[in-house]
Amino acid sequence: VRGWGAQLAAVQRGSRTGNIAATLPRRWISQSTAALSEKKESWGRRFNIVRWLFKIDNQKEKEIMDANTARRVKLTKELSATTKGYLGDFGEVNKTGGKRFTAPDAMSDPAESSRFPTMQVDTLVGTPVTLPDLWHGKVTLVSVGLRAFSKPMVEEYRTAFMKRFSDQAGCQFYEINMVDQYIYRTLLGNTIKTNMAKELADDPVRQRQTLCYLGADAAALKDKLGIFNSAIGYAFLVDRKGRIRWEVHGQIEDGEIATLTRCVSELLSSSR
C-alpha cells in the first residue's frame, strides 16, 4: 500500500510541475508505447487493404465502361453506314427529319453505361478545359451539335432542362459545338469562337455554358458518343461519375421531355 501511495504522491507532484511522465513507472510507459505502436500498425494494415480494394473496384469499373464504349462504337458505325457523309446525312433529314427512334423511357444501369469520352474543349473566352472532368460531381445534360441545322434541336434540349432545373445546385447544362471539318477547325476556329461569343454577349449564363471542340479526333469522338448523323442535334444525360445514362437525338418529343425530367430527378436523389 505504501508503494502505491508513494507512486500516487509522485504523480500528484508531477501534475503540479507539468512533468507527469517522469514520475510514472518505466514499466507503464513502455507498455503504453508498445500498445500504441501495435494499434498504429494495425490501422495501417487496414488502411492499405481498403486502398487496395478501392483500386481494384475502380479498375473493374473502368474495364466495364471501356467495354460499353466499344459496343457503342460498333453500333454507331452500323448506324452511320446507312447515311455515308454530308449528302447522306441531309438526305435522311429530308426524308425522316433525322429522328430514327424515340429515346428510351428509363436510364441505363450504371454497369451498362459508357463513360463520356475525354476531350479537350475551349470556352468562348479561349480557356481550355477537359471533359468530363469539368462536370465531376454534378448531374449534367450535355448537348452536341455539328451543323447549323442542329441549333433549334439543341435549343429544345436546353429549354426543356433549364425550365425545370435551372435553380438546382446539383445539376447543370453545357453545349458542345463540335467542328469536325478540317478547313473550318484549322483556318476558322478562332473566328468561330469569336462570333459565337458575340452572339451570346447579352447572355452570360449561356456564354458560360457553351464550349467549342476544334480537335482532330472528331471522327473517333462521334463514334464513342453514338453520333450517326452529323446534321442533327444530340443530348446526353451524364451522372456524377461521368457516365452517359440517357440520351436523345433529333427533335425532342413531349414524352422524351417527361422522361428527361424524371431521369434527372432520379439522379439528383441517388448517390450512384
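How many bridges join strand E1 to E2, and do the two run parallel or antiparallel? In this predicted model, E1 (residues 119-123) and E2 are held by 4 bridges and run antiparallel. One partnership to look at is Val121 with Val129, the latter sitting in E2.

**The hairpin and what follows**

Between the two strands of this hairpin there are 4 residues, and Gly126 adopts a positive phi there, near 90 degrees. Strand E2 itself covers residues 128-131 and has two faces: Val129 and Leu131 are on the covered one, while Pro128 and Thr130 are on the uncovered one. So Val129, the bridge partner of Val121, belongs to the covered face, where "buried" would call for under 20% relative accessible area.

Just after E2 comes a cis peptide bond, running from Leu131 to Pro132 with omega near 5 degrees. Pro132 is part of the loop that leads from E2 to strand E3 (139-145).

**Aromatic pairs around Phe116**

The model has 8 aromatic pairs. Two of them involve Phe116:

| Pair | Centre to centre | Angle between planes | Geometry |
|---|---|---|---|
| Phe116 and Trp135 | 5.0 Å | 75 degrees | edge-to-face |
| Phe116 and Phe236 | 6.3 Å | 75 degrees | edge-to-face |

Take Trp135 to begin with. Phe116 is in the loop between helix H3 (86-96) and E1, and Trp135 is in the loop between E2 and E3, so their pairing ties together parts 19 residues apart in sequence. Phe116 and Trp135 are both buried.

The pair with Phe236 links distant parts of the chain, as Phe236 belongs to strand E6 (residues 234-238), 120 residues apart from Phe116. Here, too, both Phe116 and Phe236 are buried. Add Tyr174 and you have a cluster: ring pairs link Phe116, Trp135, Tyr174 and Phe236.

**Helices and a surface patch**

Over on helix H8 (residues 218-225), the buried residues are Ala218, Leu221, Lys222, Asp223 and Leu225. Note that Lys222 and Asp223 are on that buried list. Gly226 comes after H8 and has a positive phi, near 85 degrees.

What makes up the nonpolar patch on the surface? Tyr182, Ile183, Tyr184, Leu187 and Leu188 form it, with an area of about 550 Å². Leu188 sits in the loop between helix H5 (182-187) and helix H6 (189-199). Its relative accessibility is 36%, so Leu188 counts as partly exposed.

How values were computed. Residues are numbered from 1 along each chain as its sequence is written. This is a predicted model: local features need pLDDT of at least 70, side-chain atom pairs count only at pLDDT 80 or more; totals for chains, interfaces and linings use all residues. Side-chain values use heavy atoms; hydrogens and water are left out. Patches are made of residues with over 30% relative accessible area and no salt bridge: like charges are joined within 9 Å, nonpolar side chains (Val, Leu, Ile, Met, Phe, Trp, Tyr) within 5 Å. Accessible areas come from the Shrake-Rupley method with a 1.4 Å probe; for residues, only the protein chains shown count as cover. A salt bridge is a side-chain nitrogen of Lys or Arg within 4 Å of a carboxyl oxygen of Asp or Glu. Buried means under 20% relative accessible area, exposed over 50%, partly exposed in between (1.4 Å probe, protein chains only). Two strands pair if DSSP finds at least two bridges between them. Rings of Phe, Tyr and Trp (its six-membered ring) pair if their centres lie within 6.5 Å; planes under 30 degrees apart count as stacked, over 60 as edge-to-face and the rest as tilted.
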